[in-house]
Amino acid sequence: MIVDRCLQAVALGALESEWEARFEPKSYRFRPGRGCHDAIGATYTKLNGKNPQRVWVLDADLTAAFDRIDHARLMAALGTFPARGLVRLWPKAGVVDRGRFAPIEEGTPQGGVISPSTTTRPRAG
C-alpha cells in the first residue's frame with residue numbers, strides 16, 4: 001500500500017506539470033495552488049471591472065463525474081507516458097466497502113494520491 005502511494009505521487013509529479021499547462025485558465029477545481037477563493041476573486045474582477053462584458057456565471061457540480069470516466073479514453077489521453085502500464089492498474093483497483101471487494105469497470109477510485117479529489121494543494125504563502 002505504501003509503495004503504491006509513493007508510485008502514485010511520482011506519477012502525479014510527472015503528469016501534473018504537463019497537464020497543468022493544458023487546462024483552461026479559468027478552471028479552479030482540482031488544480032494545484034487554486035481554490036474557490038481564486039474563482040470568487042476572478043469572477044468579481046470580471047463582473048465589476050471596466051466595461052464588464054459577461055452577464056452570467058456558470059458554477060457546475062457534475063454529480064458522480066469521476067464515477068463515469070472511461071478507462072480506455074483515460075489511457076489514450078496519457079499517450080506515451082512512461083508509466084502507462086502502472087497507471088492502467090489504478091482505476092481498476094476496485095474498492096472495499098464493508099469488508100467486500102467491488103471491482104471497478106468505469107470511473108476512478110477516490111482518495112488515492114493521484115485522485116483528483118485529493119490532488120488540490122493549498123496555496124503557497
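At 46% relative accessibility, cysteine 6 falls in the partly exposed class, whereas cysteine 36, with a relative accessible area of 53%, is exposed. These values come from a predicted model. A disulfide is a covalent bond between the sulfur atoms of two cysteines. The search for such pairs across the whole structure returned zero disulfides.

With the cysteines placed, the overall architecture can be described. The secondary structure of the protein amounts to four helices and two strands, and from the N terminus on these elements follow the order α-α-α-α-β-β. The C-alpha trace spans about 55 × 30 × 30 Å along its principal axes. The radius of gyration is 17 Å, against a value near 14 Å for a compact globule of 125 residues. Of the 125 residues, 18% count as buried. Among the contacts with a separation of 6 or more, 54% are made by residues 24 or more positions apart.

Helix α1 is a convenient place to begin a closer look. This helix comprises residues 2-20, and at 1.5 Å a residue its 19 residues should span 27 Å; the end C-alpha atoms lie 26 Å apart, which agrees with that expectation. The buried residues of α1 include Gln8, Ala11, Leu12 and Leu15, and part of what covers the buried residues of this helix is α3, residues 71-78. Glutamine 8 deserves a separate word. Located in helix α1, glutamine 8 has a relative accessible area of 8% and is therefore buried, as the cut-off for that class is under 20%. Leaving out residues up to four places away in sequence, glutamine 8 touches Trp90, Gly112, Val113 and Ile114.

Helix α3 has two contrasting sides. His71, Met75 and Leu78 are buried in this helix. They cover an arc of only 50 degrees around the axis, so they sit on the same side of α3. On the other side of α3, Ala72, Arg73 and Ala76 are exposed. The cover over the buried residues of α3 includes both α1 and α4, the latter being residues 84-89. The two ends of the helix also have features worth noting. At the start of α3, a side-chain oxygen of aspartate 70 comes to within 3.0 Å of the backbone nitrogen of alanine 72. Just after α3, glycine 79 adopts a positive phi of about 55 degrees.

Among the buried residues of α3, histidine 71 offers a polar side chain to follow in detail. Histidine 71 is found in helix α3 and, at 9% relative accessibility, counts as buried. Its side chain is joined to that of lysine 92 by a polar contact of 3.1 Å. Setting aside neighbours within four places in sequence, histidine 71 is in contact with Pro91, Lys92, Ile104, Glu105, Glu106 and Gly107.

Another view of α3 is given by arginine 84, a residue of helix α4. With a relative accessible area of 22%, arginine 84 is partly exposed; the buried class would require a value under 20%. A polar atom of the arginine 84 side chain lies 2.7 Å from the backbone oxygen of methionine 75. Methionine 75 is itself one of the buried residues of α3. Apart from residues up to four places away in sequence, arginine 84 touches Met75, Ala76, Leu78 and Gly79. Thus the residues touched by arginine 84 include Ala76, which is exposed on the other side of α3, and also Gly79, the glycine with positive phi just after that helix. Arginine 84 can also be placed relative to α1: its C-alpha atom and that of alanine 11 are separated by 9.5 Å, although the two residues are 73 residues apart along the chain. Alanine 11 is among the buried residues of α1.

The strands bring a last backbone feature into view. Most residues other than glycine have a negative phi, and most peptide bonds are trans. Arginine 98, however, has a phi near 55 degrees, a positive value in a residue other than glycine. Arginine 98 lies in the loop between β1, residues 95-97, and β2, residues 100-102. With a relative accessible area of 78%, arginine 98 is exposed, in contrast to arginine 84, which is partly exposed at 22%.

How values were computed: Residues numbered from 1 in each chain as written. Predicted model: local features only at pLDDT ≥ 70, side-chain atom pairs only at ≥ 80, totals over all residues. Heavy atoms only, no water. Expected span 1.5 Å × (residues − 1). Buried < 20%, exposed > 50% of the residue type's maximum accessible area, 1.4 Å probe, protein only. Contact = heavy atoms within 4.5 Å. Disulfide = S-S within 2.5 Å. Arc of directions from axis to C-beta. Polar contact = N/O pair within 3.5 Å; in protein donor to acceptor, adjacent residues only side chain to side chain. Rg over C-alpha atoms; globule rule 2.2 N^0.38 Å.
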